[in-house]
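Trainee: I have just opened this entry and would like to go through it with you. May I ask about a few places as I find them?

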Amino acid sequence: MTVGSPWKLIAGFALPVLLSQIFQQLYNTADSLIVGRFLGDEALAAVSSSGPLIFLMTSFFEGLTLGAGVSISRYFGARDDARVERAIHANIFVNLLSGIFLTILGVLATPTILRWMGTDPEVLPDAISYFRYYFTGVLAVMLYNACKSVMNALGDSRRPLYYLLLSSAVNIALDLLFIGGFGWGVWAAAAATVISQAISMILCLIRLSRKTANYRLRLSHLRADREMIGLILRYGLPSGVQNSVIGLANVVVQTNINSFGKIAMAAYGTYSKLEGFAFLPITSFTMALTTYTSQNLGAQKYDRAKTGARFGIVSALLLAELIGIAMYITMPQLAGLFSRTPEVIALATQQARAITLFYCLLAYSHAAASVCRGAGKAFVPMLVMLAVWCVLRITYITLIMRYSHEIRFIYYAYPITWSVSSVIFFIYYHCSDWVHGFDAAEKRKIPS
């Protein structure tokens with residue numbers, strides 16, 4: 001991505017990522033859609049309540065994967081093949097250990113955490129079942145994400161898309177077979193997701209292990225490479241912490257939503273699934289921005305990095321607002337795909353109309369944060385997200401719920417915190433020397 005038109009490269013990279021993320025999102029959305037249709041609102045609430053908790057427990061390690069992607073992109077842009085290969089193997093090694101850890105933690109800690117979240121007793125058994133089956137196969141999810149980050153960092157966003165096309169179709173088919181055909185419970189939706197993710201993982205590992213791959217993955221090279229793991233932690237640990245605190249804030253939000261009962265839980269889950277789909281074009285641009293920025297700064301093409309960053313930020317902002325307007329108008333019809341219950345549709349629509357017109361602010365924050373990560377400045381978005389999307393959001397919700405226990409005030413937490421973070425990122429982006437982040441890090445390594 002260091003040669004050619006910046007906007008064509010970013011858009012060309014983002015499109016396969018967008019399609020890939022659409023099919024990635026289909027996993028959980030298909031679960032919710034089919035579960036809600038065949039098993040009812042209680043089962044839908046069970047799947048929905050598991051979402052924020054799954055994100056909380058996996059998001060830290062996904063942040064480390066982002067750090068690995070930055071390292072790989074940087075050395076790839078600098079044409080340092082030896083370090084690229086070492087970074088790839090370190091990334092797979094870290095995610096292998098992470099998957100094993102999450103499997104044990106998820107299976108053992110499920111009931112305790114869901115009870116702590118105040119999950120409705122009627123929903124709790126199904127939520128525990130879904131969560132445990134999901135984490136039984138979470139290793140496949142972690143290894144797929146690791147392989148995808150490697151391919152994306154090398155500029156290949158197409159093959160992960162092809163693999164997801166197949167596995168997403170398998171997931172939907174298995175959901176329909178297990179739940180609609182066999183009449184199995186909520187756990188079957190998680191089982192279908194795990195089987196499908198395992199297919200994606202296997203295809204990615206086969207590709208990276210072939211001699212025709214740009215950088216061949218060898219099992220014998222998987223080891224604790226101290227230098228590369230150190231770089232993964234340097235660039236990924238802030239993103240991991242950032243993801244975790246956002247996940248924690250979302251769990252707090254879910255806990256407060258749970259206090260309004262299973263109808264509110266189902267409505268919140270419905271909106272969240274739809275928002276996940278709606279925001280995919282923006283996250284695709286931001287992922288492209290991170291890779292583009294890393295490769296060009298690694299090649300010391302500073303002006304080119306700035307040009308691409310401006311294009312990516314403006315495009316994400318405009319696209320997000322168009323999507324927000326469409327969501328605002330069509331939410332009743334979209335929510336009706338998940339549930340036939342009027343109360344669920346009404347609450348999901350109320351949430352959408354309190355939030356969606358502010359999507360431009362969320363897009364700006366994500367885009368600016370992605371540029372920072374690509375420049376090796378991952379600590380900056382971590383601090384902003386920790387202070388604003390976690391501390392400020394939790395403080396606001398905790399205080400407002402004491403004085404007025406109305407669900408609409410929970411919804412307002414999102415545009416309020418997006419506004420604050422956007423102002424901070426705007427100041428940092430325009431006033432700091434973010435383009436020389438890698439250069440400063442290298443100078444600190446050289447003894448005086």
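Trainee: Which residue just after α3 takes a positive phi?

Mentor: That residue is Gly118, whose phi is about 75 degrees. Please keep in mind that this is a predicted model.

Trainee: And within α3 itself, where does the kink lie?

Mentor: Helix α3 covers residues 81–116, and the kink lies at Ala109, with a bend of about 60 degrees. The proline Pro111 follows shortly after that point.

Trainee: How many helices and strands does the protein chain have?

Mentor: There are 17 helices and 0 strands.

Trainee: How compact is the protein chain?

Mentor: Its radius of gyration is 21 Å, close to the 22 Å that the globule rule gives for 448 residues, so the chain is as compact as a globular protein of that length. The C-alpha trace spans about 65 × 45 × 35 Å along its principal axes.

Trainee: What share of the residues count as buried?

Mentor: Of the 448 residues, 57% count as buried. As for the surface, the chain exposes about 17700 Å², and carbon and sulfur atoms supply 67% of that area.

Trainee: Turning to the interior, which residues touch the most other members of the largest nonpolar core?

Mentor: They are Ile257, Met327, Met331, Ile355, Tyr359 and Trp434, in a core of 63 residues. Helix α11, residues 302–335, gives the most to this core, with 9 residues.

Trainee: What does Ile355 touch, leaving aside residues up to four places away in sequence?

Mentor: Ile355 touches Tyr271, Glu275, Tyr411, Tyr414, Pro415 and Trp418. Apart from the largest core lies another one, of 56 residues, including Val47, Met57, Leu154 and Ile229.

Trainee: A change of topic: how many disulfides are there?

Mentor: The count comes to 0 disulfides. Cys147, for example, is in none, and the nearest cysteine sulfur, that of Cys204, is 5.0 Å away. A disulfide needs the two sulfur atoms within 2.5 Å.

Trainee: Why is Cys390 not bonded to Cys372?

Mentor: Cys372 holds the closest cysteine sulfur to that of Cys390, but the two are 19 Å apart, which is too far for a bond.

Trainee: Are Cys147 and Cys390 buried or exposed?

Mentor: Cys147 is buried, with a relative accessible area of 0%. Cys390 is buried as well, at 6%.

Trainee: One last point, on contacts between residues at least 6 apart in sequence: what share join residues at least 24 apart?

Mentor: In the protein chain that share is 85%.

How values were computed:
Residues numbered from 1 in each chain as written. Predicted model: local features only at pLDDT ≥ 70, side-chain atom pairs only at ≥ 80, totals over all residues. Heavy atoms only, no water. Buried < 20%, exposed > 50% of the residue type's maximum accessible area, 1.4 Å probe, protein only. Core = buried A, V, L, I, M, F, W, Y, C linked by side-chain atoms within 4.5 Å. Helix = DSSP H or I, 4+ residues; strand = E, 2+ residues; numbered from the N terminus. Contact = heavy atoms within 4.5 Å. Bend = angle between axes of the 7 residues up to and from the residue. Rg over C-alpha atoms; globule rule 2.2 N^0.38 Å. Areas by Shrake-Rupley, 256 points an atom, 1.4 Å probe, with all protein chains shown as cover.
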